[in-house]
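Hi,

Here is the structure I promised to pass on. Have a look at it first, and my notes follow underneath.

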Amino acid sequence: MSADTAGPETLGSLSNEPAPQDPNSQQAKEISGKSPLRIALGRLARDKVAVVCALVVLFFIICAVFAGTISNLFGVSLDTPLASERVDGLNNNLPKPEMGPPSGPFTWDHPMGVAPRTGQDNMAYWLYGCRVSLLIATTAAIIASIVGVVVGLLSGFLGGKVDKVLSFFIDMFLTIPFLLAALTLAPILNERFNTADNYATIQKFSLVVVLSVFGWMGTARLIRGEVLSLREREFVQAARVMGMPTSRILFKELLPNLAAPIIISVSLMLPAFVALEAGLAFLGIGVTDGVSWGQMILDAATPVYFRDYPQYLWQPMIGVVALVLSLNLLGDAIRDALDPKTRR
């Protein structure tokens, strides 16, 4: 049969193009009428890895928020009456805890054991260390995101000299090594405030400032690139023609369309700040006067402790690794769910 005499059904079967989607199909009915947020949440709910990671993150959030309540529930605290009551003081090389495995029997009075030499309760320090790490990382991520979003909006929308100046500052901060800057600022802050009564609070505040100052550039670059493409769209041009103020265009028209990259940026920034907080405390330039996971790792890093009492090191290490890994995987899942080109 020739193409001239072929019917419409035959021509349709010879074409390699897929048939158009039936608007009455089940898939079309499921997608129609849903907002992008609901579609993204549906994708996340179907992603088993994202669900497991979200539950793990929720567990750490509960531990951080209710650290005092959980400690009171188990009858543990940060107070240590006498180290000799919990530690075998006859061994001068390594005073071993008398309770908690592997040196002593398990007891509900100290479910995670006690620290060697000092007798501090490991569970209480782990819970409050989780609170400090999440508080510092979350606060720094929020501040860095706000600064990055504002700088990216102004740089991308205004353009010209403003864009050149802001881009110069972004590039300048990117050239400064973070670790070198932290090593430089920490001794100055320690020397300036080491006699203050609220030295522990000042340490946390200064660490949030350092993380925020050197953590906003990636968000600014991301938002700037998105704004450069959005400012030429019809709705922005229409707002300009109507005489809408620049501030209203930035925060009423452009900002709602940047929700996805902002959420992705925060979700990827948070685990980096958690790891940095623990790492800086381990190096002795983070939270050294107080409770933190990094400080616990620093105290337990002695080879004698690791060999004879390994749980003292593994407990904060497992907390840091599990939280950072869960946040990273959850951030990747959020990025894929918010991407309209992804089919998951």
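Leu258 sits in the loop that joins α12 (246-254) to α13 (259-282); helices here are DSSP runs of H or I with at least four residues, strands are runs of E with at least two, and both are numbered from the N terminus. With 0% relative accessibility, Leu258 counts as buried (under 20% relative accessible area; exposed is over 50%, partly exposed in between, with a 1.4 Å probe and protein chains only). Its C-alpha is 7.4 Å from that of Ile223, although 35 residues separate Leu258 and Ile223 in sequence.

Before I go on: this is a predicted model, so local features need pLDDT of at least 70 and side-chain atom pairs count only at pLDDT 80 or more, while totals for chains, interfaces and linings use all residues. Residues are numbered from 1 along each chain as its sequence is written, and side-chain values use heavy atoms, with hydrogens and water left out.

Now the helices. α6 (residues 122-158) has 37 residues and should span 54 Å at 1.5 Å a residue, and its end C-alpha atoms agree at 53 Å apart (the expected span is 1.5 Å times one less than the number of residues). At the N-terminal end of α6, Asp121 acts as a cap, with a side-chain oxygen 3.1 Å from the backbone nitrogen of Met123. After α6 comes Gly159, with a positive phi near 65°. Helix α9 (residues 199-213) reaches 21 Å between its first and last C-alpha, close to the 21 Å expected for 15 residues. Its buried residues include Tyr199, Ile202, Leu207 and Leu211.

What about disulfides: how many turn up in the whole structure? Zero, taking a disulfide as a pair of cysteine sulfur atoms within 2.5 Å. The closest cysteine sulfur to that of Cys130 is in Cys63, at 5.7 Å, so it is too far for a bond. Cys130 is buried at 0% relative accessibility, and Cys53 is buried at 5%.

Last, the empty space. There are two cavities of 30 Å³ or more (a cavity being a set of points on a 1 Å grid over the protein atoms alone where a 1.4 Å probe fits but cannot get out, with lining residues having an atom within 4 Å of a point). The second largest cavity holds about 50 Å³, and Ala115, Gln120, Asn122, Tyr125, Met296, Asp299 and Tyr312 line it. Two elements, α6 and α14 (293-300), each give two or more residues to that lining.

Cheers

Note on methods
Polar contact = N/O pair within 3.5 Å; in protein donor to acceptor, adjacent residues only side chain to side chain. 1 Å grid on protein atoms, 1.4 Å probe; cavity = no way out; pocket = protein on both sides within 12 Å on 5 of 7 lines; lining within 4 Å. Points joined across faces, edges and corners; volume = space filled by probe spheres on them.
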